[in-house]
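Welcome to this short briefing on a protein chain. Please take a moment to look at the sequence and the 3D picture, and then read on.

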Amino acid sequence: LERLASLLPEGVAAGTLTSAVRPAERARIAAAFEAGELRVLLVSGQIAADALPVARAESLVLGFPFAYARKLEPTVRALLQPRAATDERGAVRVYDYDDPGIAPLHRAFEKRRAFLERLARELEAAAASVRQLPLPIAR
């Protein structure tokens with residue numbers, strides 16, 4: 001994550017959350033991201049699964065090719081939540097890593113892709129059912 005942070009364009013405010021960062025500092029960095037003081041937040045997998053601050057997040061970049069796709073579910077679901085009761089969440093993008101030249105990495109990508117497609121269909125069906133709820137009309 002530190003290497004990725006070093007590759008960001010100069011002037012892009014970024015923070016990094018890993019298990020090496022003390023909890024109080026993690027909270028400060030997460031609060032800075034939520035307040036808009038940081039544009040990019042780089043987070044390790046376990047921290048993302050446990051406490052990713054997603055209220056402002058618009059994109060998720062997967063930089064580690066793990067095979068257990070369900071690990072993504074809580075993070076992706078949180079990303080898709082409306083920001084406030086009256087606010088619709090805009091398009092959320094998930095950028096994934098694939099290396100077709102290395103079979104284990106490509107297989108892990110395919111597992112995540114299939115899972116994310118299934119999750120997207122499920123979430124779209126749930127949203128469609130909410131949009132089509134019959135409203136009783138009092139006479």
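Let us begin with one residue, E117: at 37% relative accessibility it counts as partly exposed (buried means under 20% relative accessible area, exposed over 50%, and partly exposed in between, with a 1.4 Å probe and protein chains only). Salt bridges that share partners join E110, R113 and E117 into one network; a salt bridge is a side-chain nitrogen of Lys or Arg within 4 Å of a carboxyl oxygen of Asp or Glu. This is a predicted model, in which local features need pLDDT of at least 70 and side-chain atom pairs count only at pLDDT 80 or more, while totals for chains, interfaces and linings use all residues. Residues are numbered from 1 along each chain as its sequence is written, and side-chain values use heavy atoms, with hydrogens and water left out.

**Salt bridges**

- By the salt-bridge rule, the count comes to four.
- Side chains of opposite charge can pair when their charged atoms come close.
- In the network, R113 meets E117 at 2.9 Å, N to O, and R113 also meets E110 at 2.6 Å, N to O.
- Both pairs sit in helix α5: E110 and R113 are three residues apart, and R113 and E117 are four residues apart, which in each case is about one turn of the helix.
- E110 is partly exposed at 27% relative accessibility, and R113 is partly exposed at 31%.
- Another salt bridge links R28 with E25, and the closest N and O atoms are 2.7 Å apart.
- R28 and E25 are separated by about one helical turn because they are three residues apart in helix α2.
- R28 is partly exposed at 47% relative accessibility, and E25 is partly exposed at 33%.

**The overall fold**

- The chain has five helices and four strands; helices (H or I, at least four residues) and strands (E, at least two) are DSSP runs, numbered from the N terminus.
- Following the sequence from start to end gives the pattern α-β-α-β-α-β-α-β-α.
- Of the 139 residues in the chain, 25% are buried.
- Among contacts (heavy atoms within 4.5 Å) between residues at least 6 apart in sequence, 55% join residues at least 24 apart.
- The chain exposes about 9700 Å², and carbon and sulfur atoms supply 57% of it; accessible areas come from the Shrake-Rupley method with a 1.4 Å probe, and for residues only the protein chains shown count as cover.

**Inside the protein**

- In soluble globular proteins, nonpolar side chains tend to be buried together.
- Which residues have the most contacts inside the largest nonpolar core? They are I29, L41, L60, L72, V76 and F115, in a core of 19 residues.
- α2 (23–34), β2 (40–43), α4 (73–79) and α5 (103–131) each supply at least two residues of this core.
- A nonpolar core is a set of buried Ala, Val, Leu, Ile, Met, Phe, Trp, Tyr and Cys residues joined through side-chain atoms within 4.5 Å.
- Leaving aside its neighbours within four places in sequence, L60 is in contact with L72, T75, V76, L79, R93, V94 and Y95.
- Is E73, a residue of helix α4, buried or exposed? E73 is buried, with a relative accessible area of 17%.
- With neighbours within four places in sequence set aside, E73 touches F115 and L119.

**A strand residue and its partners**

- Y95 is found in strand β4 (residues 93–95) and counts as partly exposed at 41% relative accessibility.
- Y95 and S59 are 36 residues apart along the chain, yet their C-alpha atoms are separated by 7.5 Å.
- Apart from neighbours within four places in sequence, Y95 is in contact with S59, L60, V61 and L62.

**On the surface**

- L1, L4 and L7 make a nonpolar surface patch of about 270 Å².
- Patches are made of residues with over 30% relative accessible area and no salt bridge: like charges are joined within 9 Å, and nonpolar side chains (Val, Leu, Ile, Met, Phe, Trp, Tyr) within 5 Å.
- L7 belongs to helix α1 (residues 2–7) and is exposed, with a relative accessible area of 56%.

**Confidence in the model**

- The mean pLDDT (the predictor's confidence in each residue, from 0 to 100) of the chain is 79, and 79% of its residues reach 70 or more.
- Among the elements of the chain, α2 has the highest mean pLDDT (89) and helix α3 (residues 45–51) the lowest (66).
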